[in-house]
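Open the model in your viewer and keep the sequence panel visible. At each stop you select something, then check what is there.

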Amino acid sequence: MPETITVPPFSARIVERLGVGATSRRERVIHSLDGLEAPVHPDALAPTGTRLWRRVQEQATDGPLSVDFLLGLDAGGILPTVSVAGAARLPYKIAWKLHLPLGGVVRFREPHAMRTDVFAYGIVPGQRIVLVDDEVTTGRTLADLTRRLREAGAVPLVAACLVEDTTRGARDLLTGLGLPLVSLTTIEGPE
């Protein structure tokens, strides 16, 4: 008889970060796919990606969304990007904190991180891109990425995240740039 795996519902919360530098955020969003508190069964990835992709389609579009690829952010954005790519049957790329001699580079900043420079490669004018990350707090990283992609002629369509901290103004910042923000769940600041 096949084993039945029960996947718990997606959850998230904010915890204090210990020993952070002056420019780093004092808190961290943790969630049920990051593997910090408990092991994550691989069967949890697909339903989470499907739920987030459905929300993108429902909330960010008036009709079918024409997308060339998903662009996930290193490192927290990798799992949600892969899970959404599987649900949407779309290719993905990952932006890394690696400066490499590759073409089509778009350099942007993650201002609250210890290493702030992030690079997306192979970006060409006209590409239609969905941005994916695990959590959004201030929105400054996604805002800078959106500006840099547009400067390169690419078209960021929507930002999708697993968790949105609603107390830091990310939604207003991204809406002001004309970039819809779609989140699987929201939280309101530290516990």
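The tour below goes through a predicted model, beginning with a pair of helices.

**Stop 1: two helices that cross**

Select helix H1 (residues 45-59) and helix H2 (residues 78-88). Their axes lie 7 Å apart, and the packing angle is about 75 degrees. H1 is therefore roughly perpendicular to H2, since angles of 65 to 115 degrees count as such. Now show side chains where the two helices touch. From H1, select Leu 45, Gly 49, Thr 50, Leu 52 and Trp 53; they meet Leu 79, Ser 83, Val 84, Ala 87 and Ala 88 of H2. This contact is made of 7 nonpolar and 3 polar residues, with no charged ones.

**Stop 2: around H2**

Keep H2 and color its buried residues: Pro 80, Thr 81, Ser 83, Val 84, Ala 85 and Ala 88. The elements that cover them include H1, E3, strand E4 (92-95), E7 and E8.

Move to the residue that follows H2, Arg 89. Arg 89 sits in the loop between H2 and E4. Is Arg 89 buried or exposed? Its relative accessible area is 71%, so Arg 89 counts as exposed. Its phi is positive, about 55 degrees, although Arg 89 is not a glycine. Most residues other than glycine have a negative phi, and most peptide bonds are trans.

For a peptide bond that is not trans, go to the loop between E3 and H2, where Ala 75 is found. The bond joining Asp 74 and Ala 75 is cis, with omega about -10 degrees.

**Stop 3: the nonpolar cores**

Select Leu 52, Trp 53, Leu 70 and Leu 162. In the largest nonpolar core, which has 24 residues, these four touch the most other members. H1, H2, E7, E8 and strand E9 (181-187) each supply at least two residues of this core. Which of the elements gives the most to this core? The answer is E8, with 5 residues.

Center on Leu 52. Beyond the residues up to four places away in sequence, Leu 52 touches Val 84, Ala 160, Cys 161, Leu 162, Val 182, Ser 183 and Leu 184. Apart from the largest core lies another one, of 23 residues, including Phe 69, Val 118, Ile 123 and Leu 131.

**Stop 4: a buried aspartate**

Select Asp 133, in strand E7. Asp 133 is buried, because its relative accessible area is 12% and the cut-off for buried is under 20%. Not counting residues up to four places away in sequence, Asp 133 touches Leu 73, Gly 76, Gly 77, Pro 80, Ala 160, Cys 161 and Leu 162. Add Thr 81: Asp 133 and Thr 81 are 52 residues apart in sequence, yet their C-alpha atoms are 7.0 Å apart in space.

**Stop 5: helix H3 and a histidine**

Select helix H3, residues 140-151. H3 has 12 residues and reaches 17 Å from first C-alpha to last, close to the expected 16 Å. Its buried residues are Thr 141, Leu 142, Ala 143, Asp 144, Leu 145, Thr 146 and Leu 149. Among the elements covering them are strand E3 (69-73), strand E5 (106-109) and helix H4 (170-176). Just after H3, Gly 153 has a positive phi of about 90 degrees.

Finish at His 112, in the loop between E5 and strand E6 (117-120). His 112 is buried, with a relative accessible area of 16%. Leaving aside neighbours within four places in sequence, His 112 is in contact with Thr 23, Ser 24, Arg 25 and Thr 141.

Terms used:
Residues are numbered from 1 along each chain as its sequence is written. This is a predicted model: local features need pLDDT of at least 70, side-chain atom pairs count only at pLDDT 80 or more; totals for chains, interfaces and linings use all residues. Side-chain values use heavy atoms; hydrogens and water are left out. Helices (H or I, at least four residues) and strands (E, at least two) are DSSP runs, numbered from the N terminus. The expected span of a helix is 1.5 Å times one less than its number of residues. Buried means under 20% relative accessible area, exposed over 50%, partly exposed in between (1.4 Å probe, protein chains only). Contact means heavy atoms within 4.5 Å. Axes are lines fitted to C-alpha atoms, for helices over the stretch in contact, and angles run from 0 to 180 degrees between N-to-C directions. Angles under 35 degrees count as roughly parallel, over 145 as roughly antiparallel, 65 to 115 as roughly perpendicular and the rest as oblique. Ala, Val, Leu, Ile, Met, Phe, Trp, Tyr, Cys and Pro count as nonpolar, Asp, Glu, Lys and Arg as charged, and the others, Gly among them, as polar. A nonpolar core is a set of buried Ala, Val, Leu, Ile, Met, Phe, Trp, Tyr and Cys residues joined through side-chain atoms within 4.5 Å.
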